[in-house]
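Subject: Structure for your review

Dear colleague,

Please find below the structure that I agreed to hand over to you. I would be grateful if you kept it open while reading the notes that follow.

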Amino acid sequence: MSSTTAKVFLFLLLVLGAFLWVGQAITAMTGGAKKASSVVEVSPEGGESIFWGKGRCYTCHSLGGQGSAVRCPNLGQFGEKFALAIGERAAQRAKERSEETGEHYTATDYLVESLAKPDAYLVEGYKNEMAIVYAPPISLSLNDIKAVVSYLQSQGGDLDLESIEQPSEVAAKYYARISAAGAAGGGDPGAGEEVFVDNCEDCHQLQGEGGEIGPSLDGISEKGLKFITESILKPAKKITKGYETYRVVDKEGRRHVGLKTRDDAAEIDITKATGDVITIVKSDIKELEQDEVSSVMPEDLTEAMTVKDFQDVQAYLMMQKSGEADQ
Ligand code: HEC
Ligand code: HEC
């Protein structure tokens with residue numbers, strides 16, 4: 001390398017170095033680097049920042065004398081109506097929940113439940129109006145929820161981080177619900193259950209309830225979100241084994257499309273998407289063929305759904321683990 005080339009090379013290195021340094025300084029100044037690692041700590045301090053910030057809890061709840069919201073339960077100690085702050089109150093409510101459900105609830109379980117499924121227990125005198133804080137627009141992560149639970153515990157109760165990090169069976173089920181919502185783009189599984197009942201239940205069973213035209217969806221979360229998404233958007237892309245579509249034309253020219261649900265020596269049954277079953281005598285069949293490019297499950301289901309409905313039903317299906325009832 002000639003000395004001129006070496007000088008040019010050194011100069012370029014310096015320019016590049018300066019460029020990288022400026023870039024990093026700007027990122028740091030604008031908080032970009034901080035943002036990338038701004039996961040709150042699971043601690044009362046972390047939870048406090050969620051409560052009075054991102055979690056928007058303060059828009060509905062006051063905490064003792066802090067905050068100005070009055071329409072939802074005060075979570076601090078406040079007058080006769082709220083004799084105990086939520087940390088202690090949770091232990092009392094846990095007893096009620098244990099009696100009601102027959103499952104053992106700890107104070108942590110109660111707090112987790114109040115966030116994961118607010119309608120499971122309604123504070124007397126209040127309606128089911130608590131936000132689903134792990135669904136849009138609030139979209140708290142599981143970690144955020146753990147932090148906020150520790151903050152609530154620290155309000156007059158015993159901070160028990162171990163019970164938050166190593167959840168009991170009750171809390172673990174709720175953690176799964178919150179993670180499923182996160183994994184499905186922040187859908188709300190509770191609302192997704194309604195979407196499912198309105199759009200899917202005629203054909204699909206869950207926990208033994210629903211129609212039997214399509215396969216049971218128990219345990220469907222194990223196939224993953226991508227599979228679930230594609231199954232809804234493009235049902236024919238991968239037709240579930242045993243649910244292939246058949247087209248039959250009989251000797252009078254009548255055509256039937258559906259699943260072949262019976263195939264005897266003398267007759268076949270074709271179950272249509274509507275659930276109607278048509279029996280055709282084999283000697284009357286002119287044509288019988290499998291249609292590999294269409295599914296009995298309609299292609300246009302999402303047209304009747306909002307984006308939110310779609311995310312919600314995805315979250316609901318991501319919760320369906322085998323052998324586990326939805327709570
Ligand atoms: C849109 C208003 C709203 C928001 C936002 C909201 N809540 Fe609630 N919350 C309620 C209502 C209404 C109730 C009472 C009904 C019920 O029990 O679900 C409630 C109940 C509770 C309870 C049970 C209280 C008790 O006495 O047992 C806890 C704990 C709680 N909320 C925590 C939170 C936290 C933490 C947040 C923020 C992450 C939050 N809430 C956000 C409305 C809200
Ligand atoms: C008219 C009946 C019908 C309706 C309504 C329907 N499905 Fe289906 N679905 C089927 C049939 C039949 C199959 C099997 C054929 C296939 O894979 O396309 C299926 C397959 C599936 C699968 C793949 C299951 C597996 O294990 O391979 C998923 C997931 C699914 N449906 C979800 C839904 C959801 C979510 C809705 C509502 C938004 C819905 N379905 C509505 C009939 C229906």
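Tyrosine 246 lies opposite glycine 258, a residue of strand 2. Please bear in mind that this is a predicted model. Strand 1, residues 245-250, is joined to strand 2 by 5 bridges, and the two run antiparallel. Between these strands, the hairpin has 4 residues, and glycine 253 adopts a positive phi there, near 85°.

Strand 2 covers residues 255-263 and is also connected to strand 3, residues 267-271, through 4 bridges in an antiparallel arrangement. Here lysine 260 has isoleucine 270 of strand 3 as its bridge partner.

Strand 1 has a further antiparallel neighbour, strand 5, to which 6 bridges join it. Aspartate 250 is paired with isoleucine 285 of strand 5 by a bridge.

How do the strands fit together as a sheet? The 5 strands make up an open sheet with antiparallel pairing, in the order 4-3-2-1-5. Strand 4 (277-281) and strand 5 (285-291) are found at the edges; each has a single partner strand, so one side of each has no neighbour in the sheet. From one strand to the next, the twist averages 40°.

As you look along the strands, one general point may help: in a regular strand, side chains alternate between the two faces of the sheet.

Yours sincerely,
A colleague

How values were computed: Residues are numbered from 1 along each chain as its sequence is written. Chains are lettered from A and ligands numbered from 1 in the order in which they are written. This is a predicted model: local features need pLDDT of at least 70, side-chain atom pairs count only at pLDDT 80 or more; totals for chains, interfaces and linings use all residues. Two strands pair if DSSP finds at least two bridges between them. Axes are lines fitted to C-alpha atoms, for helices over the stretch in contact, and angles run from 0 to 180 degrees between N-to-C directions.
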